[in-house]
Amino acid sequence: MIRNAEEKDCRAVYRLICDMEARELPFAQFAEIYREQAQSRLYHCLIDERDGRVAGVLNLRVEGQLHHAGRIAEILELVVDPACRNLGIGRELFAAACRLAEELGCLQIEVACNQLRTDTHRFYTREGMHNFHFKFSKPLLGDDAAENAIGR
């Protein structure tokens with residue numbers, strides 16, 4: 001069942017995001033951002049719940065963009081619990097995000113993905129997405145900042 005995330009989901013979402021990033025993030029900072037996003041009309045966190053546990057999460061940001069002269073939805077995070085992969089959960093979350101974006105009047109849905117996540121690239125391609133852009137980033141925490149390392 002896909003539903004909107006709630007405060008009680010914070011720890012489960014945290015575990016999934018840490019799994020996606022292959023590292024433990026600082027929980028206090030994560031929880032603060034989670035709460036801020038939950039109160040913002042720009043963010044929509046979708047949960048796939050199976051048998052009472054969070055099996056997947058998709059975090060979506062919706063904002064007006066000048067260069068589109070319209071609203072754009074961007075998938076910020078999409079991760080499925082490793083024990084629940086290949087059950088169609090990612091596809092269901094993606095479809096729900098597309099429906100929500102359409103309901104909110106978005107012109108398109110976008111996602112940025114690390115270059116080395118080739119399985120994820122195949123997933124988005126299968127879902128009808130195209131790789132039209134490059135995304136560039138510059139570390140502001142020092143040149144060796146893990147947040148900007150390829151392969152994350």
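# Exercises on a predicted model

The axes of helix H1 (residues 10-21) and helix H2 (residues 27-38) come within 11 Å of each other, crossing at roughly 115°. The model is predicted.

## Exercise 1: the H1–H2 contact

Task: State the hand of the crossing of H1 and H2, then find which residues make the contact and how they divide by class.

Solution.
- Step 1. Two packed helices are described by the angle between their axes and the distance between the axes.
- Step 2. Here, those values are roughly 115° and within 11 Å.
- Step 3. The hand of the H1 and H2 crossing is right-handed.
- Step 4. H1 supplies Cys10, Arg11, Val13, Tyr14 and Ile17 to the contact. H2 supplies Phe27, Phe30, Ala31 and Tyr34.
- Step 5. Sort the contact residues by class: eight are nonpolar, none is polar and one is charged.

## Exercise 2: the whole chain

Task: Count the helices and strands, give their order, and compare the radius of gyration with the globule rule.

Solution.
- Step 1. The chain has four helices and five strands.
- Step 2. Along the sequence they follow β-α-α-β-β-β-α-β-α.
- Step 3. The radius of gyration is 15 Å, close to the 15 Å that the globule rule gives for 152 residues, so the chain is as compact as a globular protein of that length.
- Step 4. Add the extents: the C-alpha trace spans about 40 × 40 × 30 Å along its principal axes.
- Step 5. Turn to burial. Of the 152 residues, 39% count as buried.
- Step 6. Take contacts between residues at least 6 apart in sequence: 59% of them join residues at least 24 apart.
- Step 7. The accessible surface is about 10,000 Å², and carbon and sulfur atoms hold 51% of that.

## Exercise 3: two positive phi values

Task: Locate Asp51 and Asn86, and decide whether Asp51 and Asn86 are buried or exposed.

Solution.
- Step 1. Most residues other than glycine have a negative phi.
- Step 2. Asp51 is not a glycine, yet has a positive phi of about 50°. Asn86 also has a positive phi, near 70°.
- Step 3. Asp51 sits in the loop between strand S2 (43-50) and strand S3 (53-65). Asn86 sits in the loop between strand S4 (70-80) and helix H3 (89-103).
- Step 4. Exposed means over 50% relative accessible area. Asp51 has 84%, so Asp51 is exposed. Asn86 has 82%, so Asn86 is exposed.

## Exercise 4: Phe134

Task: Place Phe134 in the chain and decide whether Phe134 is buried or exposed.

Solution.
- Step 1. Phe134 lies in the segment after helix H4 (118-126).
- Step 2. The relative accessible area of Phe134 is 76%, so Phe134 is exposed.
- Step 3. Phe134 and Asp119 are 15 residues apart in sequence and 18 Å apart in space, C-alpha to C-alpha.

Notes: Residues are numbered from 1 along each chain as its sequence is written. This is a predicted model: local features need pLDDT of at least 70, side-chain atom pairs count only at pLDDT 80 or more; totals for chains, interfaces and linings use all residues. Side-chain values use heavy atoms; hydrogens and water are left out. Axes are lines fitted to C-alpha atoms, for helices over the stretch in contact, and angles run from 0 to 180 degrees between N-to-C directions. Helices (H or I, at least four residues) and strands (E, at least two) are DSSP runs, numbered from the N terminus. A crossing is left-handed if the near helix is turned anticlockwise from the far one by less than a right angle, and right-handed if clockwise. Contact means heavy atoms within 4.5 Å. Ala, Val, Leu, Ile, Met, Phe, Trp, Tyr, Cys and Pro count as nonpolar, Asp, Glu, Lys and Arg as charged, and the others, Gly among them, as polar. The radius of gyration is taken over C-alpha atoms; the globule rule is 2.2 Å times the number of residues to the power 0.38. Buried means under 20% relative accessible area, exposed over 50%, partly exposed in between (1.4 Å probe, protein chains only). Accessible areas come from the Shrake-Rupley method with a 1.4 Å probe; for residues, only the protein chains shown count as cover.
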